[in-house]
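The following exercises concern backbone geometry, a metal site and the packing of secondary structure. Each task is followed by a worked solution.

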Amino acid sequence: PRDRAHDADVLAPQAVLEAARRRTLALTDCLDDDELMAQHSPLMSPLGWDLAHIGNQEEIWLVRRAGGRPALRPDLDDLYDAFRHPRADRPALPLLRPDRARRYLGEVREQALEVLDAISGRAADQEQDPLLRRGFVFGMIAQHEQQHDETMLATHQLRSGPPVLDAPPPPPAPSDAATLPAEVLVPGGPFTMGTSTDPWALDNERPAHTVELPPFWLDTVPVTNAAYQRFIEEGGYHDARWWHPDGWEHRRREGLEAPRFWRRDGASGSWYRRRFGRVEPVPPEQPVLHVCWYEADAYARWAGRRLPTEAEWEKAARHDPATGRGTRYPWGDDGPEPGQAGLGQRHLQPAPAGSYPAGAAPSGARQLLGDVWEWTASDFTPYPGFAAFPYREYSEVFFPAPGAASAYKVLRGGSFATDPVACRSTFRNWDHPVRRQIFAGFRTCRDAAPADEGRP
Ligand code: AVJ
Ligand code: FE
């Protein structure tokens, strides 16, 4: 039978919790204790911190809040509170050693599953408490663990030393990839942004609201390494015209010349990249990866285009002009099937641009979900009617104070490192515009003339 663990209408909290735990253990069992407690980059926590933080959040939300049970380890709340200790300070904390952390995660999980069992028999409680309704808090904790697993995978990519992770390469591009139109038309008019009904949507995706947009032309596929290399070779990094003023300043200060993890071979002039400990030629047909917002923004201006707004991106990824409805995914409400999107760390790199034709949007745009997160032009701000739920520190504290500038840009769509449980067309991610260790690329767009509508 088909695995329906991720379907919106058949929620299977135990299955998604167990899938997250298998991934967490696989990402940490492959390294020795010293590597788990070391800091591989000042941007990241030691993997051992993520490990115990996952357990601590599960204890707080599933054992204590959902179960009403006494705390197992109240002394860990401070150590593993992301707001108490900046990432760079975490290695110096008296953290649990890996074996102790694994035991703690197991003890918490055993109790969490007992709580789930008990609640499953009490339909009335589930209905009354928004935390329990349709398994929300269990879905939230599974998403939390998977988000940290993606962060831990980024730590693996930053780590130096012999490779410890492996995965089969993605399938080659489908035969029509080379002949796809460069851009697709997304028609103008209203669409529904955000959701009030998706049972496991997080607070920043809510509530549903109507947004009216003019028509626009969107890249059919994410910007590739080959296209990005032309930007480099034509001097894009050395021409201030293409750069946001803050981006230009940052580029100069940091000496940015190419995506993170790229090196040019002096003799041949060819580009190589380091990927999870292996050095290989940069594959021209893959979406570009490990660029910051400033690089994406500069590329778009160089190409005579711009980054899509978050609203444009979401409309392209879920609005079906045939029915006027918003779907959970670009292709509809079911899935994702492996042939529809590169998700779930099945591969340790994005698939070639033009892959996953079965996952295309109604416009014909491909790979909106999976493979690479896509930077958008938009700041991370609340939707009209936003209410923090169930805790302010998930989203609300990252919104700009009234009158203040935002410190974060929105990313959409998920990457090859994102699990399906934490990926849908309404899902919002955010990061500082200088960050490059995340699995992020982008695509570009341009305004359409009203006369473009009705023409393919
Ligand atoms: C939504 C990916 C920005 O990792 O900082 C994890 C997710 N929040 N624990 C992050 C999150 C709390 C968050 N992002
Ligand atoms: Fe967290």
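**Exercise 1. Locate Pro 336 and state the geometry of the peptide bond from Gly 335 to Pro 336.**

Solution. In this predicted model, Pro 336 belongs to the loop between strand E9 (325-326) and E10. The bond that joins Gly 335 to Pro 336 has omega near 0 degrees and is cis. Most peptide bonds are trans. A further cis bond runs from Phe 389 to Pro 390, with omega near -5 degrees; Pro 390 is placed in the loop between E10 and E11.

**Exercise 2. Describe phi at Gln 345 and Phe 276, and give the location of each residue.**

Solution. Begin with the general expectation: most residues other than glycine have a negative phi. Gln 345 has a positive phi, near 55 degrees, and lies in the loop between E9 and E10. Phe 276, also not a glycine, has a positive phi of about 50 degrees. Its loop connects E6 and strand E7 (278-281). With a relative accessible area of 5%, Phe 276 is buried.

**Exercise 3. Identify the protein donors of the iron ion (ligand 2) and classify the site.**

Solution. First, list the protein donors: the NE2 atoms of His 53, His 144 and His 148, at 2.1 to 2.2 Å from the ion. Second, read their spacing along the chain, which is H-x90-H-x3-H. His 53 in helix H3 (residues 47-66) and His 144 in helix H7 (residues 136-158) are 91 residues apart, and this pair links distant parts of the chain. Both His 53 and His 144 are buried. Third, examine the angles: among the four donor atoms they run from 90 to 172 degrees, and the site is irregular. A tetrahedral assignment fails because all angles would have to lie between 85 and 135 degrees.

**Exercise 4. Which residues of helix H8 (residues 225-233) are buried, and what covers them?**

Solution. The buried residues of H8 are Asn 225, Ala 227, Tyr 228, Gln 229, Phe 231 and Ile 232. Their cover includes strand E5 (262-264), strand E6 (271-275) and helix H10 (293-302). Just after H8, Gly 235 adopts a positive phi of about 85 degrees.

**Exercise 5. Give the strand order of the open sheet that contains E10, and describe the pairing of E11 with E12.**

Solution. The order of the four strands is E12-E11-E10-E13, with mixed pairing. Strand E12 (429-431) and strand E13 (440-441) are the edges, each pairing on one side only. Strand E11 (residues 409-412) pairs with E12 in the antiparallel sense over three bridges, and Val 410 stands opposite Trp 430 in E12. Finally, helix H11 (residues 310-318) lies across strand E10 (373-379) and E11, at about 135 degrees to E10.

How values were computed:
Residues are numbered from 1 along each chain as its sequence is written. Chains are lettered from A and ligands numbered from 1 in the order in which they are written. This is a predicted model: local features need pLDDT of at least 70, side-chain atom pairs count only at pLDDT 80 or more; totals for chains, interfaces and linings use all residues. Side-chain values use heavy atoms; hydrogens and water are left out. Donors are N, O and S atoms within 2.8 Å of the metal (3.2 Å for Na, K and Ca); water is not among the atoms, so sites may look incomplete. Four donors count as tetrahedral if all angles lie between 85 and 135 degrees; four count as square planar and six as octahedral if opposite donors are over 155 degrees apart and all others between 65 and 115; anything else is irregular. Helices (H or I, at least four residues) and strands (E, at least two) are DSSP runs, numbered from the N terminus. Buried means under 20% relative accessible area, exposed over 50%, partly exposed in between (1.4 Å probe, protein chains only). Contact means heavy atoms within 4.5 Å. Two strands pair if DSSP finds at least two bridges between them. Axes are lines fitted to C-alpha atoms, for helices over the stretch in contact, and angles run from 0 to 180 degrees between N-to-C directions.
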